[in-house]
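User: Hi! I'd like to go through this structure with you and check the reasoning behind its labels. Could you take my questions one by one?

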Amino acid sequence: MNYSEKIVQEWMEFSCVLPEPALVTLTAIAEDKAGVLADEFYSIMLTDPHASVYISSDVVQSRLRNSMKKWIINTLTLKGEALLGFAAHQYEIGNIHSRVGIPASLVLKGMRIITQEMLTYIQSLALEPQTSVLMQKYVSVSIQIASELMTYAYENYQLNEAKNEESYRISNLIDNPELEKGKQQAALFNWENGLMYALVSRTSNIQSYLLNDSEFGLWFRHKCGQHFGNQPEIAKIGMLIEEIDGMLQKTANTEGSALEYIQSLLSDIRAKTMIINNLFTSLFEDATRLENGKDALTKLLNRRFMSTILKHEVKLVMENGRNLSVVMLDIDHFKKINDTWGHSAGDDVLRHLATILTDNTRASDYVFRYGGEEFMIVYLEYSKQQTLNFVESIREKIFSTPCEMPDGYKLQLSASFGVSHYRGHPDYQKLVDEADKALYEAKNTGRNKVVEFKA
Ligand SMILES: Nc1nc2c(ncn2[C@@H]2O[C@H](COP(=O)(O)OP(=O)(O)OP(=O)(O)O)[C@@H](O)[C@H]2O)c(=O)[nH]1
C-alpha cells in the first residue's frame, strides 16, 4: 500500500465515526453553507497575484465555484467506500494546482478558512454538546485529510518537474556527448582487450585488471553519476561492474587454469561488458536527445519540456485573451511501415514527417515529438477556423508528399489529427487530453482526417 492509499484507508475508517443522526445534520449544514464558503475560498485565491491570473475569468469562476461547492459537500458527507473515487479526485486536484501553478500554501490557507467558518457556525447552533464536539472534530479532520492528499500529489508533481529540469540542465553540462561517449566506449574496450590478453596468457595478477580500477571504472564512479543523476541505467551498470570484479577476484590466479575455464570466464565477462555498453549507449542517447530540449531523431521539441512550455503559453492566453490550440497527430498504420520496410526506414518516415511539420508551421508555433509516431503542434494566436485550415493543409501535404524508401519506392503516408482549443481552463493538460480524445475519434472513424474536439 503506498502513502496515498494509506491516507485514503485512514479517511475511510475515520468517516464512519460520526453517528448517523449527526451526519444527517452535518449534511444539511454543508449543503446550506457550501455556496458561501466557496465564495470565501475564491476571494482568498484572488488575493494572490499569481493565482488570480488563472481564476479571475468569469467562466473559470463560475465553474470552479460549482466544483468547490460540491467539494465541500462531498468532503463533509461521503463515508466509507463512497470516498474511494472522491479521494482519488483529491490527488487529481493536487496535480492540477501544481500544473497551473497555484501555490499549495494558498490552497491550505483557503482550507483553513473554510474549516474555521464551519466550526464557528456549528458552535453557534443549539446542538447537544457532545454531538457538537464530535461534529467539529469530524469537519476539521475530514478537510485536513483531503488537503493532505492534495498536497501529497502537489509535492510529487513538483518533484518530477524539478527532476526534468535538473536532467535538462545536466544534459547541457556535457559539452560534447558524442565525443565523451566515444572516449568512454574506447576505454571500456581497452580494458576488455587488456583483460582478455592477461587471461589467455595466464597472468598471475588478475587483481590489477579490475574494471572498477580501469579508466572506464574511474570515470563511471566519479563522473557518470553526476552527469546522469538517478537514471536506472547507472545502478545497473554499477551492479554489472561489481559482478565482473567479483568473478575476477574469485579467479585471482590463472597460471594453472584449464583452457575451458578461461574460455567460460571470458565469455561470461564479455556478455556482461556488452550489457554495460548497451546501457551506457542508451544513457548517452538520452543525453543527446535532451540536448537543447530536442528529440535526437526528428530534431523536434522533446515531450519532457511540454509542461514548461504549455504552462507558460496558457498563462499568456489568460492574459491576452487570444486563441491557443493543441493538435495531436499520429501517423496511420506506422507499425506496418516498420514491419514492411524495417525500423531504420521507419525512422526515415518519422524524420520526413517532422520536416513537413517544421516547414508548415511558423517559428512561433511549437512542434513536439510526443511519443513514437505521435506528434503535437501548439498553435498560437490563430483563430479556431484558421487553425483548422492549417491542420487540414498539413494533412493534405502529408498525404501528397510520399516518402522515398531505401529501394526507391515512394511510400504514400497519411496521418490522423485531433484538435482542441483553449476554452478558459487554466490546466493545459485538459487541452492535451481533449486533443487526444479527438485524435482517437479520427483513428476510429477512418483515419487520414482532422477531428475537432467538441465540448
Ligand atoms: N522506426 C521507429 N518506430 C517506432 C519508433 N517509436 C515507436 N515506433 C513504432 O511505432 C509503432 C506504433 O504502432 P501502433 O501504435 O500500433 O500504431 P499504428 O500501426 O500507427 O496504427 P494506428 O495508429 O492505429 O494507425 C510500433 O510498432 C512502434 O514500435 C521509432 O522511434 N522509430
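User: How do the residues of the shell around the ligand divide into nonpolar, polar and charged?

Analyst: In this predicted model, the shell has eight charged, five polar and four nonpolar residues. Asp332, Phe334, Lys335, Gly346 and Gly372 come nearest, out of 17 residues around the ligand. Two or more shell residues are given by each of β2 (324–331), α13 and α14.

User: What makes α13 and α14 oblique to each other?

Analyst: The axes of α13 (residues 334–341) and α14 (residues 343–359) cross at roughly 135°. Angles over 145 degrees count as roughly antiparallel and 65 to 115 as roughly perpendicular, with oblique for the rest once those under 35 are set aside as roughly parallel. The two helices are therefore oblique to each other. Their axes come within 7 Å.

User: Which residues of α13 and α14 meet, and of which class are they?

Analyst: On the α13 side they are Phe334, Ile337, Asn338 and Trp341, and these meet His343, Ala345, Gly346 and Val349 in α14. By class, this contact has five nonpolar, three polar and no charged residues.

User: Why are α1 and α5 called oblique to each other?

Analyst: Helix α1 (residues 3–14) and helix α5 (residues 83–100) pack at an angle of about 135°, and their axes are 10 Å apart. Since roughly antiparallel needs an angle over 145 degrees and roughly perpendicular ends at 115, the pair is oblique. The crossing of α1 past α5 is right-handed. In the contact, Ser4, Val8, Trp11 and Met12 of α1 meet Leu83, Leu84, Ala87 and Tyr91 of α5. Those residues divide into seven nonpolar, one polar and no charged.

User: How do you know whether Lys299 is buried, exposed or partly exposed?

Analyst: Count the neighbours: Lys299 has 15 other C-beta atoms within 10 Å. Buried takes 20 or more and exposed takes 12 or fewer, so Lys299 is partly exposed. Lys299 lies in the loop between α11 (259–290) and β1 (301–302). Its phi is near 65°, a positive value in a residue other than glycine.

User: And what makes Asn448 partly exposed?

Analyst: Here 16 other C-beta atoms lie within 10 Å of Asn448. With 20 or more needed for buried and 12 or fewer for exposed, Asn448 is therefore partly exposed. Asn448 sits in the loop between α16 (428–444) and β8 (450–452), and has a positive phi of about 50° although it is not a glycine.

How values were computed: Residues numbered from 1 in each chain as written. Predicted model: local features only at pLDDT ≥ 70, side-chain atom pairs only at ≥ 80, totals over all residues. Axes fitted to C-alpha atoms, helices over the stretch in contact; angles between N-to-C directions. Helix = DSSP H or I, 4+ residues; strand = E, 2+ residues; numbered from the N terminus. Contact = placed C-beta atoms within 7 Å. Nonpolar A, V, L, I, M, F, W, Y, C, P; charged D, E, K, R; others polar. Left-handed = near helix turned anticlockwise from the far one by under 90°. Near = placed C-beta within 6 Å.
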